[in-house]
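Biologist: Let's go through this model together. I will ask, and please keep the answers short.

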Amino acid sequence: MPTNQEPIKSLWRATAITAPHVEKLTGELTADVTIVGAGFTGLRAALELAEKGLSVVVLDSHEPGWGASGRNGGQVNPMGHELPEEIIDHMGDVFGPRMVQCYANSANELFALVKKHDLKCHATQNGWLRGAHTRPSILKIEKLAKAWAAHGLDLNLVEGNELHKMIGSQAYSLASKVSSGGSVQPLSYARELCRVAQEKGAQVFGQSQVNSLQQKDNRWQIQTDTGKVTSEWVLFCTNAYTDKTLKGLKQSVSPVISIQAATRPLTDEEYDEILPQNNTLSDTRRVVYYTRKEENRRLIFGSVGLAQDCNGNDQIRLQKGLEKVFPQLSAKDIEFYWGGKLAVTPDGLPHLHEPAKGILAGLGYNGRGVAMATLMGRVLASRVLGTTKEDLDIPTTPYGSFKLRPFHQLGFPAMVKYYETRDKLEEIFSK
Ligand SMILES: Cc1cc2nc3c(=O)[nH]c(=O)nc-3n(C[C@H](O)[C@H](O)[C@H](O)COP(=O)(O)OP(=O)(O)OC[C@H]3O[C@@H](n4cnc5c(N)ncnc54)[C@H](O)[C@@H]3O)c2cc1C
């Protein structure tokens with residue numbers, strides 16, 4: 001049985017639209033495509049494929065949106081961590097520019113999908129601010145902004161008083177603003193993707209953990225505890241919750257814990273002062289802060305953490321962060337804490353793998369998965385629908401590998417502490 005813990009008290013779970021009805025898989029089915037994982041990646045792929053008339057079975061060991069897709073900050077952030085030129089250098093002249101365009105268009109793609117299917121997920125496209133927390137990071141933001149704007153991203157810089165008013169805080173003196181960025185209620189978004197995929201004919205099952213995969217007569221048999229699906233294609237959309245079912249996939253990513261808090265509903269005065277234009281905000285810290293308001297007037301505040309249940313020191317990190325960025329609020333204003341796992345890759349970019357005929361995997365969004373997982377689902381579907389590898393938006397690559405991956409996990413708490421200390425020292429010495 002799954003061992004991953006439920007988020008303890010997630011605001012998204014308390015406020016999301018009703019979960020779609022899904023049952024546990026029992027018995028045997030055949031389908032054109034089996035999708036493992038019912039998050040944004042798997043559900044977008046399911047929707048695209050079912051819309052084209054393919055028979056699709058989605059299997060999740062928990063329920064749709066249970067993974068990072070139902071727990072994240074809901075920030076639709078359309079820009080990579082690297083400079084476009086670095087991506088192009090790394091991926092080459094064909095796929096490099098395509099990946100840059102994927103990032104640049106990813107938010108618009110998500111909001112167009114929401115509009116097309118009228119997904120009820122409080123989608124708001126009011127722009128994403130990325131604040132520089134030190135003087136050196138101002139230079140970094142300026143460099144990134146200039147480079148991404150040259151590649152077509154709708155981006156400008158905001159500073160000084162104008163920025164302080166846009167945030168309701170003096171914590172940052174300069175930020176980039178990407179107009180196409182925005183936010184969704186992530187669990188509602190996942191559930192709505194599921195609803196529409198089901199309406200188009202996809203069969204979605206919960207509590208159905210895939211345990212094994214076997215090839216037989218050019219088809220794949222996908223086994224759960226209580227059922228089996230036989231299909232030509234199997235798509236692994238399991239991101240940071242990837243287990244050992246598909247050999248080698250788990251080692252290609254490293255899970256990172258992200259944690260969040262939600263305050264009580266803000267007063268009218270606070271609501272008008274904090275992020276008055278309903279922008280989303282993240283920053284340049286290594287142990288990042290990210291924040292936004294949501295439809296019930298609460299402020300969401302996130303960072304990197306040590307455990308999905310977001311207890312103890314993780315809660316303290318969020319409390320201190322909140323008070324630092326928004327001194328008008330305090331730890332006692334927080335009413336919800338929760339966390340989840342996202343996946344990072346060795347090169348910081350998302351990956352599409354095709355390790356055997358009929359097997360695909362799309363994962364590794366490095367904290368940009370709301371928009372990019374949505375996009376990856378479409379790319380996975382287009383491969384199944386006949387697009388050649390050469391014509392895909394994202395290249396199919398061999399599994400990447402982390403040097404000393406097991407130590408990544410063991411050393412994660414020390415790494416967070418180390419990066420947090422560096423962030424603090426930089427703040428002190430670069431004032
Ligand atoms: C707290 C937090 C905050 C974040 N904030 C943001 C943000 O603001 N903006 C942003 O862009 N990104 C953010 N992210 C990252 C983003 O949420 C993810 O990149 C994205 O949701 C990944 O979607 P996915 O569908 O690929 O995977 P997931 O949503 O993680 O889904 C994977 C699913 O696979 C299932 N599964 C795994 N193994 C099996 C198996 N063997 N059989 C059956 N099912 C299986 C799991 O149950 C799970 O439901 C955040 C992540 C977290 C955790």
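Biologist: Which residue in β6 does L129 stand opposite?

Modeller: First, a caution: this is a predicted model. β4 and β6 run antiparallel, with 4 bridges joining them. Within β6, the residue opposite L129 is K177.

Biologist: Which residue is the bridge partner of L155 in β6?

Modeller: Strand β5 covers residues 155-159 and pairs with β6. That pairing is antiparallel and has 5 bridges. The β6 partner of L155 is V178.

Biologist: How many of the 5 residues of strand β6 are buried?

Modeller: Strand β6 spans residues 174-178. It is largely enclosed by the rest of the structure, because the buried residues number 4 of the 5.

Biologist: Now the whole chain. What radius of gyration does the chain have, and what would a compact globule have?

Modeller: The secondary structure comes to 11 helices and 18 strands. The C-alpha trace spans about 65 × 45 × 45 Å along its principal axes. With 431 residues, a compact globule would come out near 22 Å, and the chain agrees, at 21 Å.

Biologist: What percentage of the residues of the chain count as buried?

Modeller: A residue needs 20 or more other C-beta atoms within 10 Å to be buried. Of the 431 residues of the chain, the buried share is 52%.

Biologist: Which residue of β2 is the bridge partner of V36?

Modeller: Start with strand β1, residues 27-36, which pairs with strand β11, residues 227-236, in the parallel sense over 9 bridges. There V36 stands opposite F236. β1 also runs parallel to strand β2, residues 56-59, with 4 bridges. The partner of V36 in β2 is L59.

Biologist: On which residue is the kink in α3 centred?

Modeller: α3 has 34 residues, and a straight helix would reach 50 Å. Its end C-alpha atoms are only 31 Å apart. There is a kink of about 135° in α3, and its centre is G92.

Biologist: What is the phi of D118, the residue that follows α3?

Modeller: Most residues other than glycine have a negative phi. D118 comes after α3 and has a positive phi. The value is near 50°.

Biologist: Where is H122 found, and what is its phi?

Modeller: H122 sits in the loop between α3 (84-117) and β4 (128-131). H122 is partly exposed, because 19 other C-beta atoms lie within 10 Å and a buried residue needs 20 or more. H122 is not a glycine, yet its phi is positive, at about 50°.

Biologist: Is N278 buried or partly exposed?

Modeller: N278 lies in the loop between α7 (268-273) and β13 (280-283). Its phi is positive, near 55°, though N278 is a residue other than glycine. It has 17 other C-beta atoms within 10 Å, and that count makes N278 partly exposed.

Biologist: Which residue in β14 is the bridge partner of S282?

Modeller: β13 and β14 run antiparallel, joined by 2 bridges. They form a hairpin with 6 residues between them. In β14, S282 is partnered by Y290.

Biologist: Which residues lie on each face of strand β14?

Modeller: Strand β14 covers residues 290-293, and both faces are covered. The residues named on the two sides are all buried. One side has Y290 and R292, and the other has T291 and K293.

Biologist: Which residue takes a positive phi in the hairpin of β14 and β15?

Modeller: β14 and strand β15, residues 298-304, run antiparallel with 4 bridges. R292 has I300 as its bridge partner in β15. The hairpin has 4 residues between the strands. The residue with a positive phi, near 70°, is R297.

Biologist: Last, the ligand. Which elements give two or more residues to the shell around the ligand, and how many of the shell residues are charged?

Modeller: 46 residues surround the ligand, and the closest are G39, G67, G73, G340 and G369. The elements giving two or more residues are α2 (40-51), β12 (254-265), β16 (334-344) and α9 (369-384). By class, the shell has 17 nonpolar and 24 polar residues, and the charged ones number 5.

Terms used. Residues are numbered from 1 along each chain as its sequence is written. This is a predicted model: local features need pLDDT of at least 70, side-chain atom pairs count only at pLDDT 80 or more; totals for chains, interfaces and linings use all residues. A residue is buried if 20 or more other C-beta atoms lie within 10 Å of its own, exposed if 12 or fewer, and partly exposed in between; C-beta atoms are placed from the backbone. A residue is near a molecule or strand if its C-beta atom, placed from the backbone, lies within 6 Å of it. Ala, Val, Leu, Ile, Met, Phe, Trp, Tyr, Cys and Pro count as nonpolar, Asp, Glu, Lys and Arg as charged, and the others, Gly among them, as polar. The expected span of a helix is 1.5 Å times one less than its number of residues. The bend at a residue is the angle between axes fitted to the seven residues ending there and the seven starting there. Two strands pair if DSSP finds at least two bridges between them. The radius of gyration is taken over C-alpha atoms; the globule rule is 2.2 Å times the number of residues to the power 0.38.
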